[in-house]
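Open the model in your viewer and keep the selection tool ready. This tour moves from the whole chain to single residues.

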Amino acid sequence: MASSKGSADVIIVGGGVIGCAVAYFLAAEHGVESVIIERNGIASGASGGAAGELAATELLEKGGHRSAPVFTRFLQEGVSLHANLAPALLEESGVDYLLSDIPMLRPAFTDEETTGLKDELAHLQQSGIEASWVEPENIQAMHSWLAEDAIGAILSTELQLESYPFALALAQAAEQHGVTIRTGEVTGLERSGGRITGVRLGDETLSAETVVIANGPWSQFAGEWIGLDIPVIPLRGQIVHLDLPRGAPRPRQAIFHPTGYVLPKAGGSLYVGTTIEDVGFDTEPTTEARDSIMEAVARIAPQVMDIPIKQMSACLRPYSTDDMPIIGAVPGIDGLFIATGHGFKGITLCLVTGKNLAELMIQGASSFPMDEFSPARLSPR
Ligand SMILES: Cc1cc2nc3c(=O)[nH]c(=O)nc-3n(C[C@H](O)[C@H](O)[C@H](O)COP(=O)(O)OP(=O)(O)OC[C@H]3O[C@@H](n4cnc5c(N)ncnc54)[C@H](O)[C@@H]3O)c2cc1C
């Protein structure tokens with residue numbers, strides 16, 4: 001028989017950036033103190049291992065396939081919210097996660113890539129994002145590390161941050177507003193009729209009137225608890241961390257190409273990436289990934305090959321197979337909400353997700369229209 005371990009108004013399953021952001025906004029904007037239940041450690045999944053780029057476009061990740069307009073608008077709101085909330089998060093948490101601007105080049109090496117990128121440039125400009133086309137001679141004048149045979153590039157300025165310190169800042173700011181973080185693995189939900197009454201932690205139960213499922217790629221298993229198919233799969237991404245000596249020359253711009261990227265971080269480190277692998281829940285870095293990343297980087301920024309490798313990291317993107325995050329109330333179960341499936345963009349989208357889901361939970365409506373992200377589209381298992 002299960003023993004009771006207390007109660008909470010709201011329980012959030014998962015202490016990644018999405019769970020922490022929902023907890024933060026519930027407490028900071030609505031005075032609702034929740035309990036986050038995390039089985040490993042805050043940001044122990046992709047939230048702590050992400051590259052930390054906050055771009056309002058995701059064309060490159062999808063190999064040229066443009067996102068739905070509502071998703072692009074959500075990304076833009078996400079980036080703005082990061083810029084607006086940063087001073088408060090720094091003050092409330094005391095953690096500087098190095099939010100900063102970074103110039104970014106998206107190069108073309110073929111006429112076909114030029115055509116695609118010029119189309120993308122027009123799209124960025126129409127969306128109000130400052131970006132311009134740079135000819136090869138001007139790229140060289142920028143002292144770029146981009147390969148000399150690039151025939152042009154989009155130049156834009158993006159925001160970036162350090163992911164793990166950012167997640168800690170969010171969690172600590174949430175705690176300042178009364179949120180509790182508990183270690184434990186949620187193994188099921190408690191229900192009475194059509195209402196949520198709590199969560200199971202093995203043999204124990206913790207009662208709550210409201211539960212938010214925010215456990216990233218593992219949210220697919222939460223589907224078994226409620227008889228719904230939650231179509232979120234883990235897509236492994238690996239990053240090579242280079243050992244750039246202090247004071248050594250470093251790239252002045254990030255370089256993003258569909259085959260790979262070079263990302264100089266504000267804290268001095270240099271990341272190159274990445275992979276997109278459908279290999280289940282395996283988070284071991286591999287030599288194959290290291291070789292394929294370095295091969296891509298040798299093509300786009302050969303100078304990077306002179307820098308020794310420090311370490312590799314691998315983590316799992318929670319990828320929603322219909323390309324849209326799943327955010328909102330679960331139909332037919334009062335008090336149950338989901339926030340998952342943010343794929344390649346969870347760091348960019350966590351604040352806008354947390355803010356709007358908190359509004360939906362407390363006021364019954366959100367300022368950003370989230371109908372297209374609703375769990376109402378999920379099918380029974
Ligand atoms: C290589 C790589 C680079 C990336 N770069 C960027 C980037 O530059 N910009 C960007 O916007 N996004 C980026 N992302 C994507 C981003 O990291 C993710 O979308 C985001 O971190 C997802 O956050 P989450 O909170 O949904 O999931 P997670 O970070 O996976 O958090 C879920 C948490 O739930 C916990 N959990 C699971 N099951 C249970 C349970 N039953 N009980 C209790 N706890 C549980 C887990 O331990 C985990 O801590 C990147 C991802 C990868 C892999």
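Start with the whole protein chain and its contacts. Among contacts between residues at least 6 apart in sequence, 75% join residues at least 24 apart. Keep in mind that this is a predicted model.

**The whole chain**

Switch to a cartoon view. The protein chain has nine helices and 17 strands. Now turn the C-alpha trace along its principal axes: the spans are about 70 × 40 × 40 Å. The radius of gyration is 21 Å, which agrees with a compact globule, because 381 residues packed that way would give a value near 21 Å. Colour by burial next. Of the 381 residues, 48% count as buried.

**The ligand**

Select the ligand and the residues around it. The shell holds 41 residues. Which of them come nearest? Pick Gly16, Gly45, Gly216, Gly237 and Gly346.

Now colour the shell by class. You should find 16 nonpolar, 19 polar and six charged residues.

Then look at the elements behind the shell. α1 (17-30), α2 (46-49) and α9 (346-363) are helices that each supply at least two residues. β2 (34-38), β11 and β15 (309-320) each supply at least two as well.

Colour by domain next. Domain 1 covers 3-48, 165-231 and 322-377. Domain 2 covers 100-157 and 233-317. Each of these domains gives the shell at least three residues.

**Gly341**

Select Gly341. This residue sits in the loop between β17 (336-340) and α9, and α9 is one of the elements that supply the ligand shell. Is Gly341 buried or exposed? Gly341 is buried, because 28 other C-beta atoms lie within 10 Å, and 20 or more are enough to count as buried.

Show its contacts, leaving out residues up to four places away in sequence. Gly341 touches Val232, Pro318, Tyr319, Ser320, Pro325 and Ile326. Then draw a line from Gly341 to Leu85. The two are 256 residues apart in sequence, and their C-alpha atoms are 23 Å apart in space.

**Arg246**

Go next to Arg246. Find it in the loop between β11 (232-242) and β12 (254-257). How many C-beta neighbours does Arg246 have inside 10 Å? The count is 5, so Arg246 counts as exposed; the limit for exposed is 12 or fewer.

For a last distance, join the C-alpha atoms of Arg246 and Gly332. They are separated by 56 Å, with these positions 86 residues apart along the chain.

Notes:
Residues are numbered from 1 along each chain as its sequence is written. This is a predicted model: local features need pLDDT of at least 70, side-chain atom pairs count only at pLDDT 80 or more; totals for chains, interfaces and linings use all residues. Helices (H or I, at least four residues) and strands (E, at least two) are DSSP runs, numbered from the N terminus. A residue is near a molecule or strand if its C-beta atom, placed from the backbone, lies within 6 Å of it. Ala, Val, Leu, Ile, Met, Phe, Trp, Tyr, Cys and Pro count as nonpolar, Asp, Glu, Lys and Arg as charged, and the others, Gly among them, as polar. Domain bounds come from an automatic or database domain assignment. Two residues are in contact if their C-beta atoms, placed from the backbone, lie within 7 Å. The radius of gyration is taken over C-alpha atoms; the globule rule is 2.2 Å times the number of residues to the power 0.38.
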